[in-house]
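I opened my notebook to record what I looked up, one entry at a time. The structure comes before the entries.

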Amino acid sequence: TPRAPVSPHLVHPRTRTCSRRYRGSPRVKHVGGLGQLGVECAKLLRSQYGEESVILSDIIKPSDAILDSGPYIFADILDFKGLQKIVVDHRVDWIIHFSALLSAIGEQNVPLAVRVNIEGMHNVLELAKQYKMRIFVPSTIGAFGPDSPRNPTPNVTVQRPRTIYGVSKVHAELMGEYYHHKFGLDFRCLRFPGVISSDPPGGGTTDYAVAIFFEGLKTGKYQCYLKPDTRLPMMYIEDCLRSLLEFMTAPEEKLKRRVYNVTAMSFTPEELVEKLSKYIPQLHVSYRPDSRQLIADSWPQVFDDSEARQDWGWQPNYDLDKLVDLMVRDVTENYIKKGN
């Protein structure tokens, strides 16, 4: 059996050697730190708490840019003793657990998804309990299923997802809430919608909304694997990471629950194409739905995040117009002009 690709993200503790500026800030470990969110999350946390206070970790060999940006270590979430050693050696206070096989990828390798998404989650929960750390685990619109109300989808409702990714995320939500009530664990979880960033797409069902910028700007064409009227909740990566930081730093007494929906907008492929056509007038998009359509059809169309807004003040900054403008600029500058 292959070793599962697993890693954590860490936030560190108050170290005696840190400067006064960061005294009292957490020490953070990121598990699965080289995925879509990990690197950008580390940048944000380091801007708040200092470079040395955030440890990126993964099982992947890092680039020079990653190594130059701050601490990076090898960590496999299936190796509990290895994780214990990291927490003790680096005096970690927060753990941010991004390790997971995403929706479409998980369906192709269910046994591996079970190991990474469920066994790995058990390890980091137990680790956080043992060392009294605050732990963040992302969940997803994929934690809902065909029996869930889709427009809008409230914070508490029937879930019953039909992908191993979704099942593992419901399991994570329930286990985290159980550890909170049973052991007092400071478990925090946000259900994210599709997250859009200028990193190349990575195998999720909502990734058409990233791929269309890369293909459209490069070739003027894109073949979409979802139907044109498939509405899904989305958010720009800056809003996503800011929601994580605001939630992780929210006072305990403000949190009426441990798992919250967050979102920024909902749109369909054809609505996105209409906006993008203003920047690429000759854009030609064809539609060829595949197995990912079945996944999307079981997910929320509009996400109700009113509880996050009421309890800890969540408010997105980016709507669809701003998102498209930023993505066109970022992808053009960082990929198209560089010939990537």
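**Entry 1: two domains**

I began with the area shared by the two domains. Domain 1 and domain 2 bury about 1,500 Å² between them, and carbon and sulfur atoms carry 63% of it. I note here that the model is predicted.

Which residues supply 43% of the area that domain 1 buries against domain 2? I found Ile141, Arg150 and Tyr236, and no other three residues supply more.

Next I looked up where the domains run. The assignment gives domain 1 as 29–195 + 235–261. It gives domain 2 as 207–232 + 264–300 + 318–336. I then looked up the distance between their C-alpha centres, which is 26 Å. To the contact, domain 1 brings 16 residues and domain 2 brings 16 residues.

**Entry 2: what crosses the interface**

How many salt bridges join domain 1 and domain 2? The count is zero. Polar contacts gave another result: six residue pairs make them across this interface, with both partners at pLDDT 80 or more.

I also checked which elements of domain 1 touch domain 2. Helix 4 (103–108), strand 11 (232–236) and helix 8 (237–249) each give at least two residues to that side. Helix 4 has the largest share, with three residues.

**Entry 3: salt bridges**

I then searched the whole structure for salt bridges and got 19. Side chains of opposite charge can pair when their charged atoms come close. I wrote up three of the pairs.

The first entry is arginine 258 with aspartate 186. Their closest N and O atoms are 2.9 Å apart. How many residues separate the two along the chain? The answer is 72, so the pair links distant parts of the chain. Arginine 258 lies in the loop between helix 8 and strand 12 (259–261), and aspartate 186 lies in strand 8 (residues 186–192). Are these two buried or exposed? Arginine 258 is buried because its relative accessible area is 5%, under the 20% limit. Aspartate 186 is buried too, at 12%.

The next entry is arginine 231 with glutamate 271. Here the closest N and O atoms are 2.7 Å apart. This pair also links distant parts of the chain, 40 residues apart. Arginine 231 sits in the loop between strand 10 (221–224) and strand 11, while glutamate 271 sits in helix 9 (residues 269–276). I looked up exposure again. Arginine 231 is partly exposed, at 24% relative accessibility. Glutamate 271 is partly exposed, at 28%.

The last entry is aspartate 290 with arginine 292. I read 2.7 Å between their closest N and O atoms. Aspartate 290 is partly exposed, with a relative accessible area of 31%. Arginine 292 is partly exposed, at 23%.

I added one network. Salt bridges link Arg134, Asp186, Arg188, Glu252 and Arg258.

**Entry 4: cysteines**

How many disulfides does a search of the whole structure find? It finds zero. I asked why cysteine 41 is in no disulfide. Its nearest cysteine sulfur, that of cysteine 240, is 8.4 Å away, and a disulfide needs the sulfur atoms within 2.5 Å. Cysteine 41 is buried, with a relative accessible area of 2%.

I checked cysteine 189 as well. Cysteine 189 is in no disulfide, and the nearest cysteine sulfur, again that of cysteine 240, is 12 Å away. Cysteine 189 is buried, at 1% relative accessible area.

Terms used: Residues numbered from 1 in each chain as written. Predicted model: local features only at pLDDT ≥ 70, side-chain atom pairs only at ≥ 80, totals over all residues. Heavy atoms only, no water. Buried < 20%, exposed > 50% of the residue type's maximum accessible area, 1.4 Å probe, protein only. Domains from an automatic or database assignment. Contact = heavy atoms within 4.5 Å. Buried area = accessible area lost by both parts, 1.4 Å probe. Salt bridge = Lys/Arg side-chain N within 4 Å of Asp/Glu carboxyl O. Polar contact = N/O pair within 3.5 Å; in protein donor to acceptor, adjacent residues only side chain to side chain. Helix = DSSP H or I, 4+ residues; strand = E, 2+ residues; numbered from the N terminus.
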